[in-house]
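Colleague: I would like to take a close look at one part of this model, and I would be grateful for an answer that goes step by step.

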Amino acid sequence: MFKNLSITGLILASLATMVFSVETDRQFGEASYQFLKMDLSPSLIGRASAAVASGSSVSESDVNIAAAANDSALLDLNRAIPFQEFQARASQVWLSVPLRSYHWLVSARFLGFEQLRGFDSDANPEVSYGAHTLKVETGLAGRSGKTGENAKWLWGASVSYAENSVAYTDYSTAMLNLGLIYRLPYGLSLGLSGRNIDFFRSSAYYTDNEAPFPPTTAQAGLAWKSSLPKNLSLEIELDARTRNDEKMVLPAGLSIKWQNLITGRMGYVLLAEEVGIQLGLGINWSFFRFDYAYQHHSVLSAAHFWSLGIEY
């Protein structure tokens with residue numbers, strides 16, 4: 001017992017250190033690649049992306065790359081219609097391939113605006129322009145300690161390349177993505193994730209920012225899972241998330257699953273401005289998975305997300 005508490009204390013201290021020290025020398029609002037902040041998986045959105053410790057699916061790798069270590073071979077296709085005022089569309093595909101005791105992951109996503117109205121310095125309208133971010137990613141996820149759902153440690157690591165384009169300004173970056181999940185007794189688990197940690201940046205043309213960088217994200221969380229009567233299971237999680245251009249927020253989410261067939265989700269981001277309640281529904285049938293999520297916003301119209309997963 002004392003040993004478990006000691007290990008838990010050390011992990012929590014590491015999580016807190018990482019969450020509160022994400023490149024604090026960078027000013028709020030400086031980061032580019034803003035589309036990379038969007039989680040596109042409905043299973044994440046339905047829980048307000050509070051899944052760094054409880055993630056168990058390839059489709060949740062956007063929050064913690066280690067989540068894929070506990071999933072089967074899966075092809076997951078995501079589609080999103082963000083807030084209508086943005087006039088944007090987003091798509092993402094995740095592919096998980098078992099490789100001995102590991103999972104090899106490949107992902108690609110595209111997020112873009114169309115027909116944005118341009119204005120000159122005197123507020124006169126100019127020609128419309130587009131903006132997009134393209135990202136490709138590959139990595140490995142695995143387990144250690146024990147096998148299957150009894151594994152103590154789940155880990156993941158990947159590298160990704162992103163290209164950002166706004167009007168005639170194009171630049172690119174290469175990034176690391178790291179994740180860890182540690183399972184404790186009594187249905188508890190701890191999670192830690194670092195996303196979009198850039199190690200290469202290109203210079204942009206026609207911009208005042210000579211070395212644009214992506215929104216590096218650190219997220220830590222504690223999750224609790226319990227079995228309920230009537231073949232139900234409950235999972236609750238509270239996370240702390242910070243980015244190098246944002247203040248810290250606290251995503252909280254819960255999910256209720258029945259016989260691994262139907263899952264209901266609900267989430268809310270504490271300390272965040274404007275974003276409201278988020279709801280989700282998941283259905284598993286045969287080797288198909290379907291997920292849908294609804295995201296409320298106090299100012300903008302609602303956003304909708306859906307995905308289709310195919311096990312093979």
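In which sense, parallel or antiparallel, do strands β8 and β9 pair, and over how many bridges?

Modeller: Strands β8 and β9 pair in the antiparallel sense, over twelve bridges. Please keep in mind that this is a predicted model, in which local features need pLDDT of at least 70 and side-chain atom pairs count only at pLDDT 80 or more, while totals for chains, interfaces and linings use all residues. Residues are numbered from 1 along each chain as its sequence is written, and side-chain values use heavy atoms, with hydrogens and water left out. A strand here is a DSSP run of E with at least two residues, numbered from the N terminus, and two strands pair if DSSP finds at least two bridges between them.

Let us begin with the two strands you asked about. Strand β8 covers residues 217–228, and β9 covers residues 232–243. Together they form a hairpin with three residues between them, and Lys230, in the turn, has a positive phi of about 65 degrees. To see how the two strands are placed against each other, you can look for Gly221, whose bridge partner in β9 is Asp239.

β8 also has a partner in β7, which covers residues 188–201. β7 and β8 run antiparallel and are joined by eight bridges, and Gly194 has Ala218 in β8 as its bridge partner. In the loop between β7 and β8 you will find Thr216. Thr216 has a relative accessible area of 6%, so it counts as buried (buried means under 20% relative accessible area, exposed over 50%, and partly exposed in between, with a 1.4 Å probe and protein chains only). Thr216 and Gly194 are 22 residues apart in sequence, and their C-alpha atoms are 7.4 Å apart in space.

From these strands we can move on to the charged side chains. The structure holds eleven salt bridges, a salt bridge being a side-chain nitrogen of Lys or Arg within 4 Å of a carboxyl oxygen of Asp or Glu. In one of them Glu137 is joined to Arg195, with the closest N and O atoms 3.3 Å apart. Because Glu137 lies in strand β4 (residues 129–144) and Arg195 in strand β7, this pair ties together parts that are 58 residues apart in sequence. Both ends are covered by the rest of the protein in the sense given above: Glu137 is buried, with a relative accessible area of 4%, and Arg195 is buried too, at 5%. Glu137 and Arg195 also belong to a network of salt bridges that links them with Asp62, Arg109 and Lys135.

Another salt bridge joins the side chains of Arg243 and Glu246, at 3.1 Å from N to O. Here the two ends fall into separate classes, for Arg243 counts as buried at 8% relative accessibility, whereas Glu246 counts as partly exposed at 26%.

Some of the residues already named come back when we look at the empty space inside the model. A cavity is a set of points, on a 1 Å grid over the protein atoms alone, where a 1.4 Å probe fits but cannot get out, and its lining residues have an atom within 4 Å of a point. Grid points are joined across faces, edges and corners, and a volume is the space filled by probe spheres set on the points. The structure holds two cavities of 30 Å³ or more, and the largest contains about 160 Å³ of space. Its lining is made of 14 residues, of which Leu36, Asp39, Asp62, Arg195 and Asn196 lie nearest its centre. The elements that give two or more residues to this lining are β7, β8 and β9, so named from the DSSP runs described earlier. By residue class, the lining of the largest cavity divides into eight charged, three polar and three nonpolar residues (Ala, Val, Leu, Ile, Met, Phe, Trp, Tyr, Cys and Pro count as nonpolar, Asp, Glu, Lys and Arg as charged, and the others, Gly among them, as polar).

If you now return to the strands, you can follow the thread once more: β8 is joined to β7 by eight bridges and to β9 by twelve, and residues from β7, β8 and β9 take part in lining the largest cavity. Arg195, in strand β7, is among the residues nearest the centre of that cavity, and Arg195 is also a member of the salt-bridge network, together with Asp62.

How values were computed. Helix = DSSP H or I, 4+ residues; strand = E, 2+ residues; numbered from the N terminus. 1 Å grid on protein atoms, 1.4 Å probe; cavity = no way out; pocket = protein on both sides within 12 Å on 5 of 7 lines; lining within 4 Å.
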